[in-house]
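This briefing covers helix packing, the main pocket and the cavities of one protein chain. The topics are taken in that order below.

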Amino acid sequence: MATKIASTKSVNNQTALLAAGHWLMLSVAINVGFLLKLIHDGNVRIDWYGLRNGQDNGGRLSSYAAEPKPDGQIQNKYINLDHGDPTMYQSYWKQMGDRTDVVISGWQSVSYFSDTKTVCWFLEQGFANAVTRLHKLVGNAETGNRHIVVGTGSTQLFQAVLYALCPYDAPEPMSIVSAAPFYSSYPLITDCLKSGLYKWRGEVDDFNKEAPYIELVTSPNNPDGSIREAVFNGSGQILVHDVAYYWPQYTPISSREDHDIMLFTLSKSTGHAGMRLGWALVKDEAVAKKMVKFIEISSIGVSKDSQVRAAKIMDVISDSYKDSKTSNESKRFFDYAREEMAKRWSQLREVVNNGQAFSLPTLPVGECNFSHQTFATQPAFAWLKCEHVDDCESFLKKHKILTRGGVHFGSSKKYVRASLIGHDEDYNEFIRRLSLINSVESP
């Protein structure tokens with residue numbers, strides 16, 4: 001009998017412990033679920049790389065938490081305008097619903113190869129067709145008698161171009177130059193691997209033009225939006241044209257660009273930076289083959305899935321302009337983007353002109369062959385000058401506005417580049433803070 005009672009007590013104790021364990025697990029699950037809900041709803045914003053939103057990291061903030069933030073939460077936070085993250089376009093693509101949806105089956109993208117008969121053997125034919133079709137629609141680039149080389153963003157294509165153009169047996173590295181202010185990533189990308197093939201030499205005006213060199217021509221220019229041509233036409237000069245922003249939302253399309261090497265990127269044309277796709281239009285087959293070889297060595301091709309998605313998006317844009325009578329004009333991408341950029345630039349200029357603390361460059365006005373509208377270039381970035389402050393980047397940082405200082409672009413500390421293609425909330429807060437600064441700082 002005693003044994004039976006002891007056994008019963010043991011069972012009861014085990015049952016109690018098991019029940020307590022279940023309650024503990026349930027409590028943990030409830031609390032974790034509650035925490036995740038807070039994070040999802042925006043009440044707690046965590047940077048999983050170790051920085052809380054608003055914390056400084058050597059002048060830069062992580063942009064991992066990229067979702068829009070309510071106006072009430074952003075007024076006391078840092079706004080990061082350092083990067084050209086094109087989240088402005090997100091609202092447009094959301095309203096498109098399932099029109100850009102694609103289905104990729106499990107058996108697709110198994111092979112490395114797309115078409116071994118073409119120079120760029122990892123180029124999907126659907127993507128190539130969509131690129132050619134979009135350029136023909138917009139009228140911004142010649143595509144005939146050219147090879148399309150697809151890359152993981154224009155950054156990889158830029159590296160591939162340098163690899164293709166610089167001779168292996170040269171006595172010294174090929175010089176890479178550009179007119180200031182130049183794109184801040186050019187020096188970083190060029191000298192990243194400390195290649196013996198090429199070396200960044202800086203501003204083209206300071207360069208000895210007797211030696212062979214590559215000049216990077218960015219038009220419209222990043223950071224200041226100016227329309228550029230080559231500075232010199234020497235016998236040893238090789239030109240590479242970065243035309244990532246030559247699209248009708250940023251500048252009037254006046255002619256088809258017709259150069260030996262032209263670089264484009266999906267991030268600034270349609271706003272899909274996360275797909276990591278760019279393409280080059282290359283006249284010389286030998287140069288195109290060397291570019292393909294670099295991409296083969298560095299990444300064994302380019303994502304087919306990204307190419308399929310990008311082709312669908314570009315085709316949706318082209319389709320919307322195919323029949324002006326039946327197409328819903330409010331759904332046309334370039335019309336929406338041009339009007340949004342015009343609105344942002346109008347607001348920015350109004351704020352800047354209302355005081356004397358800042359100034360902006362005067363940008364060219366022209367008629368666009370695509371939209372048949374006359375307007376001034378409206379770049380993705382503002383090249384902002386602080387009139388009464390020597391270090392504009394540090395000054396704006398005190399107001400919790402993160403920008404990229406002019407020294408990174410081969411220019412003065414009095415200038416900064418500020419992105420204008422972020423979320424509405426960030427842009428509106430930027431305008432509000434500039435207005436407040438103007439009212440205090442102006443004499």
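In helix α4, the residues G126, F127, A130, V131, R133, L134 and L137 meet Q307, A310, A311, M314, D315, I317, S318 and D319 of helix α9. The model is a predicted one. Besides this helix pair, the points below deal with a second pair, α5 and α8, with the largest pocket, and with the cavities.

**Packing of α4 and α9**

- Sorted by class, the contact of α4 with α9 has 9 nonpolar, 3 polar and 3 charged residues.
- Helix α4 spans residues 125-138 and helix α9 spans residues 304-320; their axes come within 8 Å and cross at roughly 30°.
- Angles under 35 degrees count as roughly parallel, and α4 is therefore roughly parallel to α9.
- The crossing in which α4 passes α9 is left-handed.

**Packing of α5 and α8**

- The axes of α5 and of helix α8, residues 285-299, come within 8 Å, with a crossing angle of roughly 120°.
- At that angle α5 and α8 are oblique to each other.
- The handedness of the α5 and α8 crossing is right-handed.
- From α5, the contact is made by Q156, L157, Q159, A160, V161, Y163, A164 and L165.
- From α8, the contact is made by V287, K290, M291, K293, F294, I295, I297, S298 and S299.
- By class, 11 nonpolar, 4 polar and 2 charged residues make up the contact of α5 with α8.

**Largest pocket**

- The volume of the largest pocket is about 540 Å³.
- Its lining has 26 residues, and those closest to the pocket centre are T155, Y183, Y245, S267 and K268.
- Two or more lining residues come from each of α5 (153-165), α6 (185-191), β7 (261-265) and α7 (266-269).
- Helix α5 gives the largest share of the lining, 4 residues; α5 is also the partner of α8 in the oblique pair above.
- The lining of the largest pocket divides by class into 10 nonpolar, 10 polar and 6 charged residues.

**Cavities**

- There are 3 cavities of 30 Å³ or more in the structure.
- The second largest cavity holds about 60 Å³ of space.
- Lining the second largest cavity are P220, N221, N222, G225, Y245, Y250, T251, T377, P379, A380 and F381.
- By class, the lining of the second largest cavity has 6 nonpolar, 5 polar and no charged residues.
- Y245 is one of the residues that line the second largest cavity, and Y245 is also among the residues closest to the centre of the largest pocket.

Note on methods. Residues are numbered from 1 along each chain as its sequence is written. This is a predicted model: local features need pLDDT of at least 70, side-chain atom pairs count only at pLDDT 80 or more; totals for chains, interfaces and linings use all residues. Side-chain values use heavy atoms; hydrogens and water are left out. On a 1 Å grid over the protein atoms alone, a cavity is a set of points where a 1.4 Å probe fits but cannot get out, and a pocket is an open set with protein on both sides within 12 Å along at least five of seven lines; lining residues have an atom within 4 Å of a point. Grid points are joined across faces, edges and corners, and a volume is the space filled by probe spheres set on the points. Ala, Val, Leu, Ile, Met, Phe, Trp, Tyr, Cys and Pro count as nonpolar, Asp, Glu, Lys and Arg as charged, and the others, Gly among them, as polar. Axes are lines fitted to C-alpha atoms, for helices over the stretch in contact, and angles run from 0 to 180 degrees between N-to-C directions. Angles under 35 degrees count as roughly parallel, over 145 as roughly antiparallel, 65 to 115 as roughly perpendicular and the rest as oblique. A crossing is left-handed if the near helix is turned anticlockwise from the far one by less than a right angle, and right-handed if clockwise. Contact means heavy atoms within 4.5 Å.
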